[in-house]
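Biologist: Please take a close look at the strand pairing in this model and at what packs against it.

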Amino acid sequence: MKRHLATIAGASLALVLSTPAFADITVGVAGPMTGENAVFGQQIRNGVEQAVEDINAAGGVNGEKLVVKVGDDACDPKQAVNVANQIAGDGAKVVIGHYCSGSSIPASAVYAEEGVIQISPASTNPAYTDKRPGPTTYRVCGRDDQQGGIAGKAILEKYKGKKVAVVDDRSSYGKGLADETRKVYEAGGGKPVLVESIAAGEKDYSALVSKLKQAGAEVVYFGGYYQQAGLIVRQMRDQGVNAILMGGDALQSSEFLGITGKGGEGTMFTFPPDQRKLSEAAEVVKKLKAKKFEPEGFTLYSYAALQIWAAAANAAKSTEAEAVTAEMNKQEFKTVAGPIKFDDKGDPTVAGFVFYEFKNGTYEQM
């Protein structure tokens, strides 16, 4: 009898040892959770956390639940590398981030080395994927050479004969975007009356405004973030400069007019079509609004990024990078941001940009 019980116990132990152990899957979220770009970090975090909630409610990934690990890079390249090492060290299988291109690019080398899939919902500098460190680097947003091309063409057509200045903040994102815009503008016969760089984070741009005034600038294209753009516009108006300011996706923030007041109305920026209006996003938008969060900007891109990874991991029946990226490379994914398919660089094959304008206390698609 004892021998029989021992046999049963041994068989039971063998069964326990041979049964796959289920554990939580770590999902990294990386971006500026503090500092002047924290509004965008919060968009990424809220988008991912809602996606995790919904994916877990539907059964998780391969039967396992997702948990979130948040890293604050403050849009600082060195801090971004530290965050990447921490997230990889925590065993994350995927990271949604970073926001600033200057953070995503150095961090991508860490993730590639550690076999962590990185999907940026916001980094638009072409070098992020043109100089891809490995097959685990992706983005779901467009590129600066796409939105810069649209902006450069628009300036040529809409402001033909006007005096145009090009200004950037020296960041990977800002300078890259300004350079792409200027390239298209000059290729079409345009010649800027002023090309200038500023130091991001400064508060006094009176010297720049004086140069714009002296050059007679009527249109200012700015490659940089909404905080500096807002200060430049406000100080232009204070000095009687009525030039129109145009920028890229980093101007997309309802806080811009809080800096400029009414003087910021008429400012334009490029951004993808408003995903909040897509039928695919309706349920997620409703959930986020119920939590008192407006899902603007990169929120839905962040949700879509995790949607893609989860769908690919379920299809692969694995969370290992090689198996998941094989699925990511061959499928077209249905997401809250619309259908997304990747090219051989890890960029979305379709990424459109349209113009928005600040007016009536908010911004509207033109």
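Modeller: An axis here is a line fitted to C-alpha atoms, for helices over the stretch in contact, and an angle runs from 0 to 180 degrees between N-to-C directions. The model is predicted, and what follows describes one sheet in it. Five strands form an open sheet in the order β2-β1-β3-β4-β5, and their pairing is parallel. In general, strands of a sheet pair through backbone hydrogen bonds, either parallel or antiparallel. At the edges of this sheet are β2, residues 66-72, and β5, residues 137-139, each of which pairs on one side only. On average, neighbouring strands of the sheet are turned by 25° against each other, direction ignored.

Two helices can be placed relative to these strands. Helix α3, made of residues 77-89, packs on the sheet and touches β1 (25-31), β2 and β3 (94-96). The direction of α3 makes about 155° with that of the edge strand β2. At the β5 edge, the partner strand is β4, residues 117-120, and the two pair in the parallel sense over three bridges. Within this pair, Gln-118 stands opposite Thr-137 of β5. The β4 and β5 strands also have a helix lying across them: α13, residues 321-330, which runs at about 40° to β4. To place the two helices along the strand order β2-β1-β3-β4-β5: α3 touches β2, β1 and β3, while α13 lies across β4 and β5.

Methods
Residues are numbered from 1 along each chain as its sequence is written. This is a predicted model: local features need pLDDT of at least 70, side-chain atom pairs count only at pLDDT 80 or more; totals for chains, interfaces and linings use all residues. Side-chain values use heavy atoms; hydrogens and water are left out. Two strands pair if DSSP finds at least two bridges between them. Helices (H or I, at least four residues) and strands (E, at least two) are DSSP runs, numbered from the N terminus. Contact means heavy atoms within 4.5 Å.
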